[in-house]
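Trainee: Please take one loop residue and look at it closely. Then work outward to the rest of the fold.

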Amino acid sequence: MKVKTKRLAYKLKQYKVKTNYIKGWSSSAIDPYNGRSDFWGVLLHHTAGTNSLGWVVSGNPYAPVRACHFLVDRDGTVNVVSGVGAYHAGKGGSWKFPKGPTIPKDQGNQHLYGIEIESLGTSAKIDNSQKGMTLAQVVSTATLSAALLNAIRPGWRSHATSRVIRHKDWTSRKSDVKQDLDWWRAVIRIAQKNKGNAAKTRSMIAEFVEAHPKGKL
């Protein structure tokens, strides 16, 4: 679905995503696809570094094009980097969504929202280390993903979590993210179930992570 930036901002607010809008996030000047992006799903990444915001916004080789749509900080803040186009998926695919469209080979950028999670990505554990991820990041990524699955479907209904994949699913060139796909889809379903109830979402995801701290079911 072609998602206008006004609808995107509304959905992030509706799902109570902890946001920080980066200057120029809605500008056509950063959009390599000139408004033609048609979003069908969500792609999860880890940054494999620290303090990555400057790089994804203006330090990457394709600037002013941005290197993701969203960057999730260690404290759970979701930096809204681009509400339009971005370069993040790279070569890969194709990918067929169950009961949904097929993303053609090498066209993930146009059809997937890219979420970067600030992490060295050398561990799948949710242990607050730089190697792994923080609980706040998991909560925010799940809530953000739930908001996006709602934004990319016309009307009030949401797409299923089967529309969320990892970079390593899109291409064998990448290893991110380390956590199992079923694990991520489970935490996103918690956020979907508790839409708009931030306290309950956090509490239930905390319980889930405590039971599954290694990123596996």
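Mentor: Start with Pro 64. Leaving out residues up to four places away in sequence, Pro 64 touches Ala 29, Ile 30 and Val 57. This is a predicted model, so read every value as computed from that prediction. Pro 64 sits in the loop between helix 2 (53-59) and strand 3. Is Pro 64 buried or partly exposed? Its relative accessibility is 47%, so Pro 64 counts as partly exposed. The cut-off for exposed is over 50%, and for buried under 20%. Take Gly 92 as a distance marker. Pro 64 and Gly 92 are 28 residues apart along the chain, and their C-alpha atoms are separated by 23 Å.

Now follow the chain from that loop into strand 3. Strand 3 (residues 70-72) and strand 4 (residues 78-80) run antiparallel, joined by 3 bridges. One pair to find on screen is Val 72 with its bridge partner in strand 4, Val 78. Strands of a sheet pair through backbone hydrogen bonds, either parallel or antiparallel.

Step back to the sheet. In what order do the strands lie? The order is 1-4-3-7-2-8, an open sheet of 6 strands with mixed pairing. Strand 1 (19-21) and strand 8 are the edge strands, and each pairs on one side only. From one strand to the next, the twist averages 25°.

Two helices that lie across these strands deserve attention. Helix 1 (residues 5-14) lies across strand 1, strand 3, strand 4 and strand 7 (112-117). Helix 1 runs at about 155° to strand 1. Helix 4 lies across strand 2 (41-46), strand 3, strand 4, strand 7 and strand 8. Its angle to strand 7 is about 170°.

Helix 4 has another partner. The axes of helix 4 (residues 135-151) and helix 6 (residues 181-193) come within 8 Å and cross at roughly 70°. That crossing makes helix 4 roughly perpendicular to helix 6. On the helix 4 side, the contact uses Val 138, Thr 141, Ala 142, Thr 143, Ser 145, Ala 146 and Leu 149. Helix 6 brings Trp 183, Trp 184, Val 187, Ile 188, Ala 191 and Gln 192. How do these residues divide by type? There are 9 nonpolar, 4 polar and no charged residues in the contact.

Next, a second loop residue. Thr 161 lies in the loop between helix 4 and strand 8 (164-166). Thr 161 counts as buried because its relative accessibility is 6%. Set aside its neighbours within four places in sequence. Thr 161 is then in contact with Leu 149, Arg 185, Ile 188, Arg 189 and Gln 192. Leu 149, Ile 188 and Gln 192 also belong to the contact of helix 4 with helix 6. Thr 161 and Ile 22 are 139 residues apart in sequence, with 27 Å between their C-alpha atoms.

Finish with the whole chain. The protein chain has 7 helices and 8 strands. Its radius of gyration is 16 Å, close to the 17 Å that the globule rule gives for 217 residues, so the protein chain is as compact as a globular protein of that length. The C-alpha trace spans about 45 × 35 × 35 Å along its principal axes. Buried residues make up 53% of the 217. Of the contacts between residues at least 6 apart in sequence, 70% join residues at least 24 apart.

Definitions and conventions. Residues are numbered from 1 along each chain as its sequence is written. This is a predicted model: local features need pLDDT of at least 70, side-chain atom pairs count only at pLDDT 80 or more; totals for chains, interfaces and linings use all residues. Side-chain values use heavy atoms; hydrogens and water are left out. Axes are lines fitted to C-alpha atoms, for helices over the stretch in contact, and angles run from 0 to 180 degrees between N-to-C directions. Helices (H or I, at least four residues) and strands (E, at least two) are DSSP runs, numbered from the N terminus. Angles under 35 degrees count as roughly parallel, over 145 as roughly antiparallel, 65 to 115 as roughly perpendicular and the rest as oblique. Contact means heavy atoms within 4.5 Å. Ala, Val, Leu, Ile, Met, Phe, Trp, Tyr, Cys and Pro count as nonpolar, Asp, Glu, Lys and Arg as charged, and the others, Gly among them, as polar. Buried means under 20% relative accessible area, exposed over 50%, partly exposed in between (1.4 Å probe, protein chains only). Two strands pair if DSSP finds at least two bridges between them. The radius of gyration is taken over C-alpha atoms; the globule rule is 2.2 Å times the number of residues to the power 0.38.
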